[in-house]
Amino acid sequence: MKKSYLIIIGLIVQTQICYSQNLIRNPDFEDGPEHSAYGWENQLDGCVVSGSMDGPDYWYKVNLTPDRLINGDITCDFSQIDAQSGKAYVDFVYGESGKTFLVEPLQKGETYILTFWARWQTFQDAATEPSGIQFIFSNNGNILKPLPIENKDEWKQFTISFIAKSDSKEMEIMGTIDKFGGVCVDNMSLTKIGDEPADTLAPTPRAELKRFLEQQNGQ
């Protein structure tokens, strides 16, 4: 009896994973080296390069020196910020950018939701005006430009919905606004509208599970 319960629940969970697939690889940047990677290629001792260090897995540097920072391993003049999720996050200042290949391409004409957590990197209050980022999709796709990020004392979640302009295979994040500060990014999600949330059961499977349990309990 217990085995039957596990089988049907497992099938429903598998269905939900298909419904709620996050198209961003390593969306919280947890996969990667255990040390911070400055410029996604260097490890620092204070403000001096002490060795090489790779950036987040599945992400590639496009321009200048984006950083992947690890809780407790932040040096030089960076603000001491802990990750919103897990222990790792990335940081972009003006002109810095990195990209990833999506799990599957966007479908032109379909609607998507991008969510991410962000926080203003002031470099120990050296920056006095908010910084910004933008999300650039390949193949002449969408360019999403959130409002400037001005929350420096806590992480905040941002949500953008958009209709895909092309069948984009890549997503790039770029720092914008030349005001010295940067934007910390963590815990992202990119899903197609109509997909069910990962933490809830779709109505039909939920009803089927309820009927199944009632039948079993009635025997």
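**Exercise 1. Classify K152, then find its charged partner and place both in the chain.**

Solution.
Step 1. In this predicted model, K152 has a relative accessibility of 34%. Buried means under 20% and exposed means over 50%, so K152 counts as partly exposed.
Step 2. Side chains of opposite charge can pair when their charged atoms come close. The partner of K152 is D125, and the N to O distance in this salt bridge is 3.1 Å.
Step 3. K152 belongs to the loop between β9 and β10 (156-163), while D125 belongs to the loop between β7 (111-121) and β8 (132-137). The two residues are 27 residues apart, and their pair links distant parts of the chain.

**Exercise 2. Which residue pairs with K179 in a salt bridge, and are the two buried or partly exposed?**

Solution.
Step 1. The side chain of K179 meets that of E129, with 3.9 Å from N to O. The cut-off for a salt bridge is 4 Å, so this pair counts as one.
Step 2. K179 sits in the loop between β11 and β12 (182-192), and E129 sits in the loop between β7 and β8. The pair therefore ties together parts that are 50 residues apart in sequence.
Step 3. K179 has 38% relative accessibility and counts as partly exposed. E129 is partly exposed as well, with a relative accessible area of 40%.

**Exercise 3. Give the strand order of the open sheet, and describe how β3 and β6 pair.**

Solution.
Step 1. The sheet has five strands in the order β3-β6-β11-β8-β9, and the pairing is antiparallel.
Step 2. The edge strands are β3 (59-63) and β9 (143-144), each of which pairs on one side only.
Step 3. Four bridges join β3 to β6 (residues 97-101) in the antiparallel sense. Within this pairing, W59 stands opposite T100 in β6.

**Exercise 4. Which strands does the salt bridge between E170 and K99 tie together?**

Solution.
Step 1. The structure holds four salt bridges. In the one between E170 and K99, the closest N and O atoms are 3.0 Å apart.
Step 2. E170 lies in strand β11 (residues 170-176) and K99 lies in strand β6, so the pair ties together parts that are 71 residues apart in sequence. In the strand order of the open sheet, β6 is followed by β11.
Step 3. K99 is partly exposed, with a relative accessible area of 23%.

**Exercise 5. Describe the geometry of the aromatic pairs W40 with F92 and Y89 with W155, and say whether these residues are buried or exposed.**

Solution.
Step 1. The whole structure has eleven aromatic pairs. One of them joins W40 and F92, with 6.2 Å centre to centre and 70° between the planes. Planes over 60 degrees apart count as edge-to-face, so the pair of W40 and F92 is edge-to-face.
Step 2. W40 is in the loop between α1 (2-19) and β1 (42-45), and F92 is in strand β5 (residues 88-93), 52 residues apart.
Step 3. W40 is buried at 8% relative accessibility, and F92 is buried at 1%.
Step 4. Y89 and W155 also form an edge-to-face pair, at 5.5 Å centre to centre and 80° between the planes. Y89 is in strand β5 and W155 is in the loop between β9 and β10, 66 residues apart.
Step 5. Y89 is buried with a relative accessible area of 0%, and W155 is buried with 12%.

**Exercise 6. Which residues form one aromatic cluster with F123?**

Solution.
Y38, F78 and F180 form one aromatic cluster together with F123.

Conventions
Residues numbered from 1 in each chain as written. Heavy atoms only, no water. Pairing = 2+ DSSP bridges. Phe/Tyr/Trp six-rings, centres within 6.5 Å; stacked < 30°, edge-to-face > 60°. Buried < 20%, exposed > 50% of the residue type's maximum accessible area, 1.4 Å probe, protein only.
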